[in-house]
Amino acid sequence: MRADIVIVGGGPAGLAAAIAAAKENRNLDVLILERDSELGGILNQCIHNGFGLHTFNEELTGPEYADRFEQQLDGLNIRYMLNTMVLNVASGSVTAVNSSEGVFNVECSAIVLCMGCRERPRGALNIPGLRPAGVFTAGTAQRLVNIEGYMPGKEVVILGSGDIGLIMARRMTLEGAKVKAVCELMPYSGGLKRNIVQCLDDFDIPLLLSHTVIDIKGKERVTSVVIAEVDESLKPIPGSEQEIPCDTLLLSCGLIPENELSRACDVKINPATNGPVVNESFETSIPGIFACGNVLHVHDLVDYVSEESARAGRSAARYVASSKPNSGSEIQIKTGNGVRYTVPSFVRVEGLDSDLTIRFRSGNVYKNLYIDVLIDGNQKIHRRKQIITPGEMEQVILKKDDLSDCTGEILVQITEG
Amino acid sequence: MNEQYDIIIIGAGVTGSAIARELSCFDCKVLVLEKDEDLCCGTSKANSGIVHAGYDAKPGTFKARMNLRGNQMMPSLCEELDIPFKQIGSLVVCTDESQRSGITELFERGISNGVPDMKILEADEVRELEPNISDDVVCALYAPTAGIICPFRLNIALAECANQNGVEFRFDCPVTSIESSASGFIVHSYDSVFECSVVVNCAGCHADEIHNMVSGNKLHITPRRGDYILLDRSCEGFVNHVIFPQPTKLGKGILVTPTVHGNILAGPTAIDNDSRDEAPLTSEGIAKVLEGTAKNVKGLPVKQVITGFSGLRAHEDGGEFILEEVSDCPGFFDCVGIESPGLTACPAIGEYMARLIADKLSLSLKAFWNSECKDIVKPFELSDEERSALISSHPEYGKIICRCETITEGEIIDAVKRPLGARSLDGVKRRTRAGMGRCQGGFCSPRVMEIISRELGVPLDTVTKNGGSSKILTGRTKDES
Ligand SMILES: Cc1cc2nc3c(=O)[nH]c(=O)nc-3n(C[C@H](O)[C@H](O)[C@H](O)COP(=O)(O)OP(=O)(O)OC[C@H]3O[C@@H](n4cnc5c(N)ncnc54)[C@H](O)[C@@H]3O)c2cc1C
Ligand SMILES: Cc1cc2nc3c(=O)[nH]c(=O)nc-3n(C[C@H](O)[C@H](O)[C@H](O)COP(=O)(O)OP(=O)(O)OC[C@H]3O[C@@H](n4cnc5c(N)ncnc54)[C@H](O)[C@@H]3O)c2cc1C
């Protein structure tokens, strides 16, 4: 089998990348490989609204948002194969398996990695206690409720205040379950402010910051969990233990980009994002392999996923069409005080269309701060913000012209006060 | 009329299953009673999965003899029963010059026990084999006959083979009392009553309770917990052998080892546990495992931990395997105190006990006995061509259900449909590895539940994690009810 561009994963990232690539160059043959039985990725189980405010100026549900993209596939030179799992990626070739073709190879000129992310499971959190039924990741619970139509429990404690956990607190409550508490290890929430208001505050669900679960009880099904407050070093404070009877513990403790395929083909990974290191064109350390969406870094808004993925798709189309290898000097983007990571990690000016968008997350909560961007040591941006939290992605935009003379590096940092 | 058997085995762990398989070649009617919902629900499911070489136990003890014999039997047994087994060898590492004599002692004990091909390696040789070994390494005892095995498959394969040769199994069937009768025993499990000539007690952590139902010479087991952490397969190659510290009075200590499936396992602790059934993982336990491993290897990639678990050793006060006909209760056979190296020893215990019982009942061999049994077909162990051929005849082997471990719908259907098949999520997991990967079933568990429900014809919301009241779902949502 052959395609000009293979897109691995048909979630919002894969859809946007495919559409942009096919529009960029209508002669190219684009193939999406998706392991699920439908396109749309994680959006299919997100039946709440809140998607697409930036892209469509509307509040859509997840499936509606995905549908807007799926409709654009007709009329473009895009094929897709469902129930097809990609097993291996290498420069110029992708191996996959499905029930009709068996194991097969697709030869291609460019690959866009759009595999999304998975949830951090209980085991990775080292939560002590027994291992009864009734412990779910929030995303699994979301699927059971929204897609299968079944309740995973009646009395719920949620550990972690990531967005999926917050949304599930509301969803379970609306379905008649009692959500007793959301515990968050950190002194701040990892979720969006709007989700804390709309999903917890509006339903009087307590958010216990600096709290964690220290024991799970129940042999067959969860009967209670023991929570405790933690000190600055995140260690449980003796005497603060509290046992909460419940039959369910939902975990919303972070997402991990699904980079097993990327690692296996030796794409360079950024330890801060657990996603590939990319340049302004979303090209990884291997020429012709691009990455975007949650596999690159975990996003809180799908609009940004779509926008970034469209760029990745366009870049892939240009890569296929151009015969000359990329040259030009690379400008490193460095993380300064308070900045955990940036995407991209480096820039080649000739790869830019117009502006350069740098997305980043802070490593902590900062109040009354400035976001500073320095080019070769000269301040280019000095933007005041009231608050910045690790739960919300930030961005700064630089003009292409600002970079034309840059010889050294771009530094992004947070200055307090 | 009560159900009649020649032999009733209590417990479907590796010990009971190995004895059942050995007895299945004789002309007799055998029943295995298991209190849990499936095979391999006790200690046999939570251990290090090491086939020990045999230098640990005191010469002359059952522990020493059964270990060595079990180790010798294991390669061909694994061949016959299609069990993942790798003879990767073990290293007992000395990190303190003043303790070097301990390694020599262990070597000599190994020689007395009959362990072949052992060598004492010096620090450089150890580093060559294991680049991540502690900088403090002084020397190590190398035993090439030690290996790693899939404990689930070992247990399940022994039972499947016994079953295919006529042994019956009953699950959710705890033995609640035993009476002697004119012709042997009357065994009760709630409302069910069975009669038999011989009882074999393989009840793991409950074996003292079962023994004490019939004998005046009381036994006493202390459940001793071992906590573990398991690392993702991406850590494959971190160590290449089973790495032990030097043993102490408390046991073999905290080891680091590859598993047959390419994960890295570290543990166990040794902590007395109140319950015989519930083995909670504790933060102290995890901390001890980390502390213990740090002494032998450097830079364990702890960020790659995907799960933790604990198992319970059935430690009898005497500290020895009790393998005998109970002196004050003829016809009642004990396998009590089967702590480590019980997994290694099980084929030997099976052989030994079956011989005692066959002699007792003067059993004769069956005309036909099938010693072999195949595992579930695993498409990802086949070549691309073979896999494609399988998929074209059986498309369900092209549909991936567990993404982390690439387990297909075909394998899960087989796990449920085969004799003594899985009925719960954990049952499917032990047979196929679906849900054992880095996402720990987050993605596949709803799909596996659907397959169980469909194949067994039971409502989705009755599917359990591991039987009893461990239901996964609590009902329908408002729209669906
Ligand atoms: C619970 C939840 C709530 C959210 N709420 C909001 C919200 O209110 N508003 C908002 O704007 N955003 C929200 N988001 C964020 C948004 O949905 C995600 O950022 C977006 O779905 C990420 O898109 P993606 O394509 O990168 O990943 P995904 O949607 O995860 O898609 C990845 C796709 O790749 C496929 N795939 C992976 N590996 C392979 C392989 N080997 N072979 C073939 N296919 C493969 C997967 O099956 C999947 O379909 C939410 C996300 C979640 C999880
Ligand atoms: C932490 C740890 C690490 C270990 N590591 C190793 C190792 O690396 N190598 C090695 O060789 N050995 C090892 N062992 C030892 C090995 O795991 C055990 O010796 C072996 O699994 C014991 O098997 P079993 O069948 O006797 O017991 P179990 O597997 O516990 O089976 C007993 C069965 O009896 C059933 N039962 C109990 N009461 C009743 C009743 N009243 N009615 C009906 N059924 C009942 C139980 O439900 C259970 O299924 C380890 C043990 C532990 C705890």
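**Where domain 1 meets domain 3 in chain A**

User: How many residue pairs are in polar contact across the interface of domain 1 of chain A and domain 3 of chain A?

Analyst: Happy to help! This is a predicted model, and a pair is counted here with both residues at pLDDT 80 or more. Across the interface of domain 1 and domain 3 of chain A, the number of residue pairs in polar contact is eleven.

User: Which helix of chain A gives the most to the side of domain 1 that touches domain 3?

Analyst: That side of domain 1 divides into seven nonpolar, seven polar and eight charged residues. Six residues come from one helix, spanning residues 302-321, and that helix gives the most. Its name is helix α9 of chain A.

User: What is the area buried between domain 1 of chain A and domain 3 of chain A?

Analyst: Good one to ask! In terms of contacts, 22 residues of domain 1 of chain A meet 20 residues of domain 3 of chain A. Carbon and sulfur atoms give 44% of the buried area. The total between the two domains is about 1,700 Å².

User: Which three residues supply more than any other three of the area that domain 1 of chain A buries against domain 3 of chain A?

Analyst: Together, the three supply 29% of the area on the domain 1 side. They are A:E280, A:H297 and A:D300.

User: Which residue forms a salt bridge with A:D300?

Analyst: Between domain 1 and domain 3 of chain A, the count is five salt bridges. For A:D300, the closest N and O atoms are 3.1 Å apart, within the 4 Å cut-off. The partner is A:R361.

Key. Residues are numbered from 1 along each chain as its sequence is written. Chains are lettered from A and ligands numbered from 1 in the order in which they are written. This is a predicted model: local features need pLDDT of at least 70, side-chain atom pairs count only at pLDDT 80 or more; totals for chains, interfaces and linings use all residues. Side-chain values use heavy atoms; hydrogens and water are left out. Contact means heavy atoms within 4.5 Å. Buried area is the accessible area (1.4 Å probe) that two parts lose on being put together, summed over both. A salt bridge is a side-chain nitrogen of Lys or Arg within 4 Å of a carboxyl oxygen of Asp or Glu. A polar contact is a pair of N or O atoms within 3.5 Å; within protein, one must be able to donate a hydrogen and the other to accept it, and residues adjacent in sequence count only if both atoms are side-chain atoms. Helices (H or I, at least four residues) and strands (E, at least two) are DSSP runs, numbered from the N terminus. Ala, Val, Leu, Ile, Met, Phe, Trp, Tyr, Cys and Pro count as nonpolar, Asp, Glu, Lys and Arg as charged, and the others, Gly among them, as polar.
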